[in-house]
Amino acid sequence: MDQTLKDLEKLVIKFRDEREWKQYHSPKSLAISLMLEAAEVLDHFKWKTDDEMWAYLKSAKRQEVAEELADVLHNVLLMTGEFDIDLEKTFIEKMKKNAVKYPVTRQI
């Protein structure tokens, strides 16, 4: 499955449109949904030490974390579709900016 982000975005938009959910997807509600899904990822790691988190990710819970991350991506793709953002292009541009801002030789 060599699907691009644009392919996945189209899949998400089709899913939304088949259910007539666009009416509920204002920029504010999409941003809130994104944060709620990200919080669900974070919830898996609450109160765990680093070692406990790595063990958790090697357990059956790994699939649950993967599905929460898929929900985050779903919301990102809804937003990029709704806002007409070329995420692939923007991501590459942002990585170039990051490379200038954080050169390899820079000490943290």
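These are my notebook entries on a predicted model.

**Entry: the core**

I began with the largest nonpolar core, which has 13 residues. Which of them touch the most other members? I found Phe45, Val65 and Leu78. Next I looked up where the core residues come from. Helices H1 (5–18), H2 (27–43), H3 (50–57) and H4 (61–82) each supply at least two. H4 gives the most, with 5 residues.

**Entry: Phe45**

I stayed with Phe45 and listed its contacts, leaving aside neighbours within four places in sequence. Phe45 is in contact with Met53, Tyr56, Leu57 and Val65. Val65 had already come up beside Phe45 among the core residues that touch the most other members.

**Entry: aromatic pairs**

I then turned to the rings. How many aromatic pairs does a search of the whole structure find? The search finds 2.

Phe15 and Trp21 form one pair, and it is edge-to-face. I noted 5.7 Å centre to centre and 75° between the planes. Are these two residues buried or exposed? Phe15 is partly exposed, with a relative accessible area of 34%. Trp21 is also partly exposed, at 37% relative accessibility. Both values fall between the 20% limit for buried and the 50% limit for exposed, so the label in between applies.

Phe45 and Tyr56 form an aromatic pair as well. Their ring centres are 6.1 Å apart and their planes stand at 70°, so I wrote down edge-to-face here too. The angle is what decides this label, because planes over 60 degrees apart count as edge-to-face. Phe45 lies in the loop between H2 and H3, while Tyr56 is in helix H3, so the pair ties together parts 11 residues apart in sequence. I checked burial for this pair: Phe45 and Tyr56 are both buried.

**Entry: charges over rings**

I looked for charged ends sitting over these rings. Where does the charged end of Lys48 sit? I found it over the ring of Tyr56, 4.4 Å from the ring centre. The charged end of Arg19 sits over the ring of Trp21, 6.0 Å from its centre. Tyr56 therefore has Phe45 as its ring partner and the charged end of Lys48 over its ring. Trp21 pairs with Phe15 and has the charged end of Arg19 over its ring.

**Entry: Pro103**

Last, I looked up Pro103. This residue lies in the segment after helix H5 (87–101). Pro103 counts as partly exposed, at 35% relative accessibility. I also took its distance to Leu11. The two are 92 residues apart in sequence and 36 Å apart in space, C-alpha to C-alpha.

Technical notes. Residues numbered from 1 in each chain as written. Predicted model: local features only at pLDDT ≥ 70, side-chain atom pairs only at ≥ 80, totals over all residues. Heavy atoms only, no water. Core = buried A, V, L, I, M, F, W, Y, C linked by side-chain atoms within 4.5 Å. Buried < 20%, exposed > 50% of the residue type's maximum accessible area, 1.4 Å probe, protein only. Helix = DSSP H or I, 4+ residues; strand = E, 2+ residues; numbered from the N terminus. Contact = heavy atoms within 4.5 Å. Phe/Tyr/Trp six-rings, centres within 6.5 Å; stacked < 30°, edge-to-face > 60°. Lys NZ or Arg CZ within 6 Å of the ring centre and 35° of its normal.
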